[in-house]
Structure formats: structure tokens, C-alpha cells
Number of protein chains: 2
Amino acid sequence: MTAPLPKYDVFQAIADPTRRKLMELLSGEELSVTALSSHFPITRTAVSKHLRVLQEAGLVRERKAGRETRYSLQAAPLLELKRWLGFYEQYWDNKLAALQRLVESE
Amino acid sequence: MTAPLPKYDVFQAIADPTRRKLMELLSGEELSVTALSSHFPITRTAVSKHLRVLQEAGLVRERKAGRETRYSLQAAPLLELKRWLGFYEQYWDNKLAALQRLVESE
DNA sequence: TTGACATGAAACCAAAAGGTGTTATATACT
DNA sequence: AGTATATAACACCTTTTGGTTTCATGTCAA
């Protein structure tokens with residue numbers, strides 16, 4: 001049995017502005033594809049594809065409710081991003097920047 | 001005078017694993033294209049293209065040093081990512097998760 | 001000055017991404 | 001039952017992306 005091996009990771013998923021807006025719309029509220037689509041100039045099908053990308057990255061969960069499918073935000077995978085970002089925090093940190101300036105001025 | 005209007009933003013720039021590895025290699029050290037290329041199975045030209053994407057996103061700075069071009073990390077644009085991420089922190093927060101579980105168990 | 005080295009630029013290519021329209025299917029309404 | 005709704009599944013198109021090869025240019029070292 002091979003692992004699911006998701007095609008899209010968090011980094012790729014959030015790269016697209018449409019997908020980021022979808023996440024924003026889904027923060028707090030559970031919404032259907034049609035409801036979400038009304039906020040975009042693109043077709044419902046296109047929105048649906050973006051939702052699948054988000055789902056593969058684990059950022060969204062779908063739930064069948066009668067004839068419609070409701071999507072909700074799952075923020076947990078963003079923790080990976082936070083960890084990644086954490087590594088670079090030292091590089092914009094004020095104290096370190098000051099130290100760097102000091103070293104460079106020698 | 002039109003704005004520079006960079007083609008790549010931070011979100012897109014970090015979406016590619018090769019570019020993330022480049023950033024990692026450049027953290028702390030200033031390196032040339034050739035030096036960077038030795039860490040990848042792709043051609044030097046391809047690495048050079050990735051570096052341009054990073055540069056357009058402001059994540060990397062280039063400095064001519066004789067016949068070679070040295071690249072260094074510029075972490076500042078990652079602050080935008082941090083701000084974006086900050087908004088979603090509430091959604092994976094332990095307290096909120098606990099509340100959600102409580103509500104769902106009703 | 002003659003090579004060797006470091007890089008950028010251009011032309012090109014295949015695959016993936018973002019879209020579209022159409023069709024099929026399940027669910028709800030009357 | 002029959003119709004309208006919500007969405008998934010296809011098939012298809014176009015642009016972008018990640019990669020290559022080739023060529024031109026500038027720099028260092030003998």
C-alpha cells in the first residue's frame with residue numbers, strides 16, 4: 001500500500017491568490033462551491049478545482065450536506081509554514097541586523 | 001512613471017522547493033551561482049532563473065564581485081508572509097480548537 | 001594576448017496550471 | 001413523476017513554469 005503522497009503541498013497551495021482568498025472566505029464560515037464562486041470572476045468549475053488543490057494540501061475539508069458540498073478551513077497544515085518561517089526570523093530580527101551592520105562596518 | 005510591479009510575489013517565490021533550498025543555502029552565506037548549482041541536479045542556467053525569481057520577490061540580493069555574481073538572502077519580504085500567517089493563527093490555536101470540539105460534541 | 005572561467009541572454013521544449021464548456025448524476029421541490 | 005439545483009467529471013485550450021542547449025560577454029591569470 002503506497003502512501004497517499006499528496007500532489008500539492010502547503011507552499012504550492014497558498015501560492016495562488018484565488019486560493020488565498022478562498023481560505024479567507026472560509027475562515028469562520030462553512031460555504032458551498034456556489035456561494036464561494038459568487039466572489040470570483042471565474043467559473044464555478046475553476047473554483048472547484050482550486051478547492052481540490054486546497055483539500056489535497058489539507059487546508060480545507062469538505063462535507064456533503066444534501067445536494068451541496070460545504071467547505072471549511074483547516075488551518076493545521078499552516079503550522080508547517082510557521083515552522084519554516086521560524087527559521088528565517090533570525091534574519092530579519094533587529095538585534096541580528098544590528099550585529100550584521102556592526103560586523104560589516106569593520 | 002509606472003511602478004516596478006514585480007512579476008513574482010513572496011508566495012509564488014517560496015512555492016518551489018528548489019527556491020526554498022536556495023534560500024536555505026544562502027542563509028548566512030553569500031554564494032555564487034556556480035557554488036549554488038553544485039547542490040542541485042539541474043543546470044546552472046536553471047538555478048540562475050530561480051535566483052531571478054527570488055530576486056524579483058526581493059528575497060535575494062545580488063552583488064557583482066569581479067567575474068562572479070554573489071547572492072545573499074534578504075529575509076525582510078518574509079514579514080508579509082508572517083503577517084498573513086498571523087491571521088490564521090487563531091484557527092489552530094489550542095483554546096479555539098478545544099472550543100470547537102466542545103461545540104461539535106453538542 | 002590567449003585561454004579558461006562565470007555568467008547572462010535567447011531560443012526552444014514539455015509538462016503543469018488555470019481556465020472554459022459540456023455532460024452526467026444525485027438531491028430537492030412541487 | 002418531472003423539473004430545477006448543486007456539483008463532480010471530462011475533454012479541451014492557452015499560458016506559465018521549469019528545464020535545456022547554444023551563444024555572447026566580461027574577467028582573471030599565465
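**View 1. A phosphate oxygen of DNA strand D lies 3.2 Å from a polar backbone atom of Thr69(A).** This is a predicted model, in which local features need pLDDT of at least 70 and side-chain atom pairs count only at pLDDT 80 or more, while totals for chains, interfaces and linings use all residues. Residues are numbered from 1 along each chain as its sequence is written, chains are lettered from A and ligands numbered from 1 in the order in which they are written, and side-chain values use heavy atoms, without hydrogens and water. A polar backbone atom of Val33(A) is 3.4 Å from a phosphate oxygen of the strand, and in chain B an N or O atom in the side chain of Asp16(B) is 3.3 Å from a phosphate oxygen of DNA strand D.

**View 2. The surface near DNA strand D, where near means that a heavy atom of the residue lies within 4 Å of the strand.** Around DNA strand D there are 23 residues, and the closest are Thr34(A), Ser48(A), Thr43(B), Lys49(B) and His50(B). Of the atoms of the strand that come within 4 Å of the protein, sugar and phosphate account for 69%. By class, this surface has five nonpolar, 10 polar and eight charged residues, where Ala, Val, Leu, Ile, Met, Phe, Trp, Tyr, Cys and Pro count as nonpolar, Asp, Glu, Lys and Arg as charged, and the others, Gly among them, as polar.

**View 3. Helix α4(B), which gives the largest share of the surface near DNA strand D, four residues.** Helices are DSSP runs (H or I) of at least four residues and strands (E) of at least two, numbered from the N terminus. Val47(B), Ser48(B), His50(B), Leu51(B), Val53(B) and Leu54(B) of this helix are buried, meaning under 20% relative accessible area with a 1.4 Å probe and protein chains only. The buried residues of α4(B) pack against α1 (10-13), α2 (17-26), α3 (33-37), β2 (60-65) and β3 (68-73) of chain B. Just after α4(B), Gly58(B) takes a positive phi of about 80°.

**View 4. His50(A) in helix α4 of chain A.** His50(A) has a relative accessible area of 16% and is therefore buried. Not counting residues up to four places away in sequence, His50(A) touches Asp16(A), Thr18(A), Arg19(A), Leu22(A) and Ile42(A), a contact being heavy atoms within 4.5 Å.

**View 5. Ile14(A) and its neighbours in both chains.** With the same exclusion of residues up to four places away in sequence, Ile14(A) touches Arg20(A), Met23(A), Leu59(A), Leu78(A) and Leu81(A), together with Phe11(B), Leu81(B) and Trp84(B).

Definitions and conventions
Polar contact = N/O pair within 3.5 Å; in protein donor to acceptor, adjacent residues only side chain to side chain. Buried < 20%, exposed > 50% of the residue type's maximum accessible area, 1.4 Å probe, protein only.
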